[in-house]
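Let's take a friendly walk through this model. Please keep the sequence and the 3D view open as you read.

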Number of protein chains: 2
Amino acid sequence: MRADAQRNRDKIVETAREVFRDHGYDASLDLVAKQAGVGAGTLYRHFPTRETLLDAVMQSWVDRVDDTVGKALAREGSPREVLVGWFTDYVSLISLHKGGPAKLTCAMGDEASPIRTKCQALSAAMTRFLADLDSDGALRADVDPLEVCRLVGGVATVADQGELAASVVRPMLEVVADGLLASR
Amino acid sequence: MRADAQRNRDKIVETAREVFRDHGYDASLDLVAKQAGVGAGTLYRHFPTRETLLDAVMQSWVDRVDDTVGKALAREGSPREVLVGWFTDYVSLISLHKGGPAKLTCAMGDEASPIRTKCQALSAAMTRFLADLDSDGALRADVDPLEVCRLVGGVATVADQGELAASVVRPMLEVVADGLLASR
DNA sequence: TTGCTAAACGGAGACTGTCTCCGGTACTGT
DNA sequence: ACAGTACCGGAGACAGTCTCCGTTTAGCAA
């Protein structure tokens, strides 16, 4: 790639990150282009669709997912507390941009999605977490990580679009956690 | 209201029902107007926003909610089976139009929403159902109907937008149900 | 350094959807 | 039948998406 192209690409991604944060995921792409000081054509050549741009914006974010799993597993407390803690982290991770939870959760399991890699990172993180917790026998037998991603993603989607407070979200995550834990 | 105005209003609602069913909730409103044989102005005078039109479209649908609760409660089986059955019904009810689950669930608890009445009908139905089940002591103590609407609505939203099969949705509803039932 | 060429730029504009304004139409009560 | 007004409907302003194509420029070879 030519140096100027690389520069423009970086500038667009950086600008998009800010614009998406400030105006939500539905922000005008022409605004992103203008803000970045490039023409609309340049933006659309680099990123044919909104999804591909979002994918680039999220790249750095993906790296944080694995860290978060580690920290969540290291926390003290009952399996229930650890699980709810991780769910809370998960919701935060996918709620970084408005509209993010819906996009990510719905693309989950869709092999053709442009943000496939992000979904895979998330689902891998969930798998890793559940496997660790499961080794203690804390979980029900037949828990499918993809299913859990969708359940927690559903809660995050509703919370995101309905602008719910954390205090309302937590009990919902607790219900999901209770549904997954082996009954004592 | 003048007779011609009423005629036009009815025609718009009827047409919108078809158009929304065929093209999803995001269908062009100008298309609805054209299909109904009226000008865009007429449509927007009767229904200032997309939400108000959707509200009118859903009117007949609301009447079915109460019936469904009754039938769900009358079903044979364990509390868990009855609960999952009702959740399945609930998902069907709010998934009648594409985009419906998200709209309805996010408007839940928002007093200012134009589709407030629909949400109230749903939340009342959920309350009635849970109260009946609770009287058998089958549920955990602190179950909030609004919270359950959001949980099940979240599942429905993900299923709707991700076009998930019923066989994938059911286990998710079971997890929610297990989280709500009193542990034995 | 100079000149060439392919790659990249960028903005005008086509297209689509939303929503408003206002001149014209026609329903209803008298 | 008539007047008054409630209502109609489409032209058009506005905003966002995306493409096309003339112009510019980076990178390379001589």
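The report below covers the model itself, the two DNA strands and one helix pair.

## About the model

This is a predicted model, in which local features need pLDDT of at least 70 and side-chain atom pairs count only at pLDDT 80 or more, while totals for chains, interfaces and linings use all residues. Residues are numbered from 1 along each chain as its sequence is written, chains are lettered from A and ligands numbered from 1 in the order in which they are written, and side-chain values use heavy atoms, with hydrogens and water left out.

## Around DNA strand C

DNA strand C is surrounded by 22 residues, and Arg2(A), Asn8(A), Arg45(A), Asp30(B) and Arg50(B) come nearest (a residue is near a strand if one of its heavy atoms lies within 4 Å of it). Sugar or phosphate accounts for 64% of the strand C atoms within 4 Å of the protein, and bases for the rest. The greatest contribution to this surface is five residues from α3(A); helices here are DSSP runs of H or I with at least four residues, numbered from the N terminus.

Some polar contacts (pairs of N or O atoms within 3.5 Å) can be picked out. A backbone N or O atom of Gly41(A) is 3.3 Å from a base oxygen of DNA strand C. Phosphate oxygens of this strand lie 3.2 Å from a backbone N or O atom of Ala3(B) and 3.2 Å from a polar side-chain atom of Ser28(B).

## Around DNA strand D

For DNA strand D there are 21 surrounding residues, the closest being Asp30(A), Arg50(A), Arg2(B), Asn8(B) and Arg45(B). Of the strand D atoms within 4 Å of the protein, 61% belong to sugar or phosphate. Here α3(B) gives the largest share of the surface, five residues.

The side chain of Asp30(A) places an N or O atom 3.3 Å from a base nitrogen of DNA strand D. A polar side-chain atom of Ser28(A) is 3.4 Å from a phosphate oxygen of DNA strand D.

## A helix pair in chain B

Helix α9 (residues 145-162) and helix α10 (residues 166-180) of chain B pack at about 165 degrees, with axes 10 Å apart. Axes are lines fitted to C-alpha atoms over the stretch in contact, and angles run from 0 to 180 degrees between N-to-C directions. The two helices, α9(B) and α10(B), are therefore roughly antiparallel (an angle over 145 degrees).

On the α9(B) side the contact (heavy atoms within 4.5 Å) includes Val148(B), Leu151(B) and Val155(B), and on the α10(B) side Met172(B), Leu173(B) and Val176(B) are among the residues involved.

How values were computed: Angles under 35 degrees count as roughly parallel, over 145 as roughly antiparallel, 65 to 115 as roughly perpendicular and the rest as oblique. A polar contact is a pair of N or O atoms within 3.5 Å; within protein, one must be able to donate a hydrogen and the other to accept it, and residues adjacent in sequence count only if both atoms are side-chain atoms.
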